Amino acid sequence: MTASMTSAIVSNSTSLYNPDSCGIAGYSKLLNNTCVPKLDAQIIACSILRNSSSDTDRVAKALSLYISSVTNSTVTLNTTSTLSADEIDNIVKDLTNINLSLSSNTSFIAVQQPNQDENSMVLGASFKRGIGGDIIDTNNEVNVTDSFITAAVIVNRESLNGVTSLNLLIIDKPTEYENIDNSTNKTLTSSVIVVNLQRDDSAFSPLYLSLYFKLIEEYIPNGIGKYLCSFYNTTTFIWSETGCSSAFYNQQFNRYECNCTHTTSFALVWLPQSLLTETSSKTFDAQDIASLITQLISIICFLIIMIHATGIRIINPLIGVQALNLLPLISTASTTILFSFYIALSLTVYTQTSSSYQTECFSSSGVLMFITYFFLIFMFCVKTITGYFYFLRFVRLFPQPSHRKLLIMLIISFLISSLCTILAIGLNTNSSYNITQLYPYELCWFNSNVIYYFMTIPICLFLFFNIITIILVSNSLFKHARSAATSKQINERLKRCAIVLLSSCVTQGIGWIFGPFISFIGVTAGEVLAWIFIILNGLEGVWSILLYILIRTQQMDEQKHVVAAIELSKTSGIPLKKNEKLNGKRRDPIRIQVYLMITSLGPIAELDMSYTMNLFFRQVWTDERLTLPNKISNVAVSTKLLSAIWKPDTYFINSRSGFLHTTPTLNHLLRILENGRLLYSSRLTIKASCSNFLRRFPLDIQTCPFILSSYAYGTEDVIYDWKLDENNGVELVPLKLSQFDLFHYKTSKRIIQFNDRNHSVLQLDLSMRRNAGYYILQGYIPASLLVILSWISFWINSDATADRVYIGVTCVLSLTTLILDIRSYIPAVPYFTAIDYFFIMCYLFLFASVIQLTAVHCHLDYRRSIRRKKVMKDLSRTSDRQKTSPKINLSVQNIRQLNPTQRSTFAGVVQRLQKLQQKAPLHEFDRLARIGFPLLFTLCNCIYWYIFVFYTSQ
């Protein structure tokens with residue numbers, strides 16, 4: 001029956017009936033609101049509950065009445081008036097076809113459909129002593145769990161799929177459950193929660209319950225013991241912990257929390273310390289033995305591979321695998337180290353666990369746990385970066401990453417693993433977090449509340465990245481299978497090598513996502529996940545062997561090419577000697593066709609006048625002795641044949657340094673084409689000289705040449721030509737340079753004379769325009785702003801000489817610092833560059849502003865000196881007229897003692913001195929500078945940019 005059909009026949013009932021509302025001790029209220037003694041109420045309630053014809057609402061109220069009547073009851077009745085735990089479970093299970101919530105002081109009954117409406121979903125129930133019970137739904141879940149509740153149960157959302165009725169009962173003080181277990185000496189310490197789910201015919205979803213218990217004051221035990229999250233087994237009549245996790249103490253809300261994977265009656269029980277020591281030791285089961293064997297096999301496989309590779313290398317170096325070719329095996333090496341510590345951790349926990357009730361990790365297991373966690377994160381980092389590195393190296397190819405990049409990524413992986421481990425150790429030192437837990441005889445690991453953060457989330461990130469990379473590699477393989485004209489087996493094996501690396505990470509990721517949950521989930525689900533974990537760990541040895549086979553097969557294929565080349569030389573009857581010219585005869589000069597594919601360009605360094613580029617350098621020439629039989633062409637041979645045949649001695653005239661790429665092997669190839677034509681291709685990095693003309697820096701255009709020729713042979717022996725195609729022998733991969741834009745290239749060939757001998761020369765000219773954005777932002781704009789800043793002094797009072805000088809000097813010093821910084825990016829050339837002219841112009845304007853304020857200051861001083869002289873003359877005349885008067889003391893204390901005539905004279909002097917100190921009016925020089933400086937600076941800028949951008953652009 002579907003949920004929608006069920007909802008059509010379900011009645012809703014939110015009853016206000018409360019059997020504890022009589023207000024008289026020892027009395028309970030019946031369903032007809034009559035108060036009777038609890039003994040009578042118990043008898044009446046039992047008769048209703050055992051009457052199969054009673055309706056659901058009446059049964060629910062009778063159950064609430066029964067719990068109320070037996071709570072704190074001291075009277076023992078016969079079995080006809082008491083209910084067993086099994087009977088209570090069945091009564092709760094049979095509450096159907098109703099939406100009911102019934103709360104009292106002693107219990108809470110809830111019978112609800114999970115899906116109430118689109119915005120709400122019933123998840124469980126809670127009870128708080130003195131208040132009663134309440135329904136928990138998606139709207140109040142957080143508020144309930146983050147409060148001081150007595151008991152609560154929450155069903156996982158996924159577990160409610162297909163559930164038509166959620167039947168819950170919470171008994172505050174379960175008197176009837178106190179003495180139901182007389183076999184295990186476990187003592188009841190909390191409320192009892194009864195859970196039952198009714199489902200439709202849809203697919204079954206695994207059950208996952210979250211339980212919350214607070215110790216009941218009347219049940220708090222005395223002494224030292226262990227609290228256990230248990231259910232009452234109605235078959236064995238004991239409290240059992242099967243299918244339930246260990247009880248975790250939440251210090252913040254003073255309660256215990258746990259998880260269970262089935263429905264029945266749950267409670268928190270207590271077991272004394274004296275009963276925790278077990279008399280029999282745990283033995284290994286089939287899963288433990290299988291896990292140890294598979295991990296040991298993986299370790300042994302890796303050791304055999306390394307011994308075999310080392311032995312072959314020592315016995316016969318020519319057919320041995322190079323050390324760089326074995327670098328992909330660092331992925332399986334990291335797993336081998338992890339397995340070693342994981343086995344050590346498992347055996348340590350197994351041998352040193354004192355009891356199945358022990359939940360705190362001891363010191364040695366804690367140390368091994370964090371070491372194992374470090375290597376776990378390090379393993380996933382290594383597997384991820386190794387797979388990605390060889391994806392770039394074997395699949396994308398251009399540009400190929402260097403092994404230095406792999407080393408850097410390994411160092412970053414080590415730092416990430418260390419950071420995660422230090423974070424875990426730091427949190428574990430705080431006992432309030434309690435992030436680790438001992439799973440007796442199994443493992444010391446993270447508890448269920450934090451494992452998602454320390455393992456699930458990081459591993460899922462690694463898995464996502466690896467799956468994306470696997471898709472990219474597989475796509476490359478499929479494209480090659482559809483469109484390749486020939487089978488390039490070596491290249492395909494390298495791509496499969498990348499897939500093996502990534503698959504190893506995926507299998508380990510899936511296994512370690514499931515593995516940590518084995519110890520605290522249900523028995524059936526735990527067994528399934530345990531076998532998945534064991535099988536996926538066992539695949540690591542398979543991946544190691546496959547990886548080594550691919551690497552070894554690649555090496556053997558290269559040896560086959562060498563043998564084929566030797567056989568070819570034998571059948572032709574001509575010994576191929578180094579530097580032997582064709583047939584040893586003087587013939588027409590050999591024409592060598594050259595074509596380049598430039599994959600990267602830069603950096604272009606002005607300080608040492610050089611540039612660097614990566615390119616594929618290809619040469620094609622004809623050697624008739626190597627003509628293949630009919631219908632055979634385009635044969636790839638080993639490059640070791642190069643030591644036995646003649647090849648061009650091409651060198652780069654203007655190169656300063658260069659090297660042939662050697663990772664993972666020498667990056668060059670040799671092919672025999674039709675009619676004896678040979679193709680030799682190599683991947684090079686060249687640093688060449690480039691004479692830069694910097695008069696227009698940073699608005700310049702530079703042309704860098706790339707010149708090649710034969711080192712020993714003249715034009716009578718060798719002539720170089722560019723390949724005739726649409727690119728004129730040069731192919732440019734789309735390049736993105738930081739400071740330049742490559743907008744044009746030109747190829748040419750000519751004859752030059754070296755040591756009285758003509759040589760054929762090819763030249764490639766790369767024309768690049770500099771991006772001036774950096775220098776505009778870091779040089780032109782700041783310098784212009786400093787000039788504009790110096791004009792602020794024209795608006796400052798002309799008497800404030802110190803302020804105006806401070807602004808001018810600060811601008812000059814700031815511009816000097818700016819110039820020194822810009823000049824550090826260009827060589828010390830003996831001529832002015834474009835940016836130098838701009839800085840000189842800015843300097844002149846700054847000095848002009850300083851000179852202007854100096855002129856204003858001098859002019860003001862001159863006018864003030866004239867006024868001062870005039871005032872002094874007037875004072876001298878006044879003094880002569882009053883020379884017969886007694887000498888006046890002009891101190892502040894004696895001013896009041898002056899006579900009226902003297903006061904009048906003193907006031908006149910003060911008034912004239914104040915006029916001298918009044919603010920000077922706007923000086924005519926300032927008025928002129930406010931207009932002249934901006935206009936002149938704008939004009940100079942226009943002239944500057946016209947000259948260096950347009951006039952000299954050609």
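**Exercise 1. Which charged end sits over the ring of tyrosine 831, and how far is it from the ring centre?**

Solution. The model is predicted: local features need pLDDT of at least 70, side-chain atom pairs count only at pLDDT 80 or more, and totals for chains, interfaces and linings use all residues. Residues are numbered from 1 along each chain as its sequence is written, and side-chain values use heavy atoms, with hydrogens and water left out.

Step 1. Apply the criterion: a charge sits over a ring if NZ of Lys or CZ of Arg is within 6 Å of the ring centre and within 35 degrees of the ring normal.

Step 2. The charged end of arginine 695 meets it over tyrosine 831, at 4.3 Å from the ring centre.

Step 3. A further case is lysine 723, whose charged end lies over the ring of tyrosine 595, 4.2 Å from the centre.

**Exercise 2. Describe the overall make-up of the protein chain.**

Solution. Step 1. Count the elements, taking helices (H or I, at least four residues) and strands (E, at least two) as DSSP runs numbered from the N terminus. The protein chain has 17 helices and 32 strands.

Step 2. Assess burial, where buried means under 20% relative accessible area, exposed over 50%, and partly exposed in between (1.4 Å probe, protein chains only). Of the 954 residues, 48% count as buried.

Step 3. Consider contacts, defined as heavy atoms within 4.5 Å. Among contacts with a separation of 6 or more, 75% come from residues 24 or more positions apart.

Step 4. Take the accessible area by the Shrake-Rupley method with a 1.4 Å probe; for residues, only the protein chains shown count as cover. The protein chain exposes about 48100 Å², and carbon and sulfur atoms supply 60% of that area.

**Exercise 3. Count the disulfides and state how the bonded cysteines are paired.**

Solution. Step 1. A disulfide is a pair of cysteine sulfur atoms within 2.5 Å. By this rule there are five disulfides.

Step 2. With bonded cysteines counted along the chain, the pattern reads 1-2, 3-5, 4-6, 7-8, 9-10.

Step 3. Cysteine 381 is in no disulfide; the nearest cysteine sulfur belongs to cysteine 420, 7.2 Å away. Cysteine 381 is buried, with a relative accessible area of 4%.

**Exercise 4. Characterise the disulfides of cysteine 244, cysteine 361 and cysteine 690 by partner, handedness, location and burial.**

Solution. Step 1. Cysteine 244 is joined to cysteine 260, S to S 2.0 Å. This link is right-handed, with 115° about the S-S bond. Cysteine 244 lies in the loop between β15 (238-240) and β16 (248-250) and cysteine 260 in strand β17 (residues 255-260), so the bond ties together parts that are 16 residues apart in sequence. Cysteine 244 is buried at 13% relative accessibility, and cysteine 260 is buried at 0%.

Step 2. The sulfur atoms of cysteine 361 and cysteine 444 are 2.1 Å apart and form a disulfide. The link is right-handed, at 110° about the S-S bond. Cysteine 361 is in the loop between α7 (330-352) and α8 (363-396), and cysteine 444 is in strand β20 (residues 443-446), 83 residues apart. Both cysteines, 361 and 444, are buried.

Step 3. Cysteine 690 is bonded to cysteine 704, with the sulfur atoms 2.1 Å apart. Here the link is left-handed, with -80° about the S-S bond. Cysteine 690 is in the loop between β27 (677-689) and β28 (701-710), whereas cysteine 704 is in strand β28, 14 residues apart. Cysteine 690 and cysteine 704 are both buried.

**Exercise 5. How many aromatic pairs does the whole structure hold, and which parts of the chain do two of them connect?**

Solution. Step 1. Rings of Phe, Tyr and Trp (its six-membered ring) pair if their centres lie within 6.5 Å; planes under 30 degrees apart count as stacked, over 60 as edge-to-face and the rest as tilted. The search finds 34 aromatic pairs.

Step 2. Phenylalanine 380 and phenylalanine 462 are stacked, at 5.9 Å centre to centre and 10° between the planes. Phenylalanine 380 is in helix α8 and phenylalanine 462 in helix α10 (residues 451-483), so the pair ties together parts 82 residues apart in sequence. Both of these residues, phenylalanine 380 and phenylalanine 462, are buried.

Step 3. Phenylalanine 794 and phenylalanine 933 form a tilted pair, with 4.9 Å centre to centre and 55° between the planes. Phenylalanine 794 lies in the loop between α13 (773-790) and α14 (801-823) and phenylalanine 933 in helix α17 (residues 924-951), so parts 139 residues apart in sequence are tied together. Phenylalanine 794 and phenylalanine 933 are both buried.
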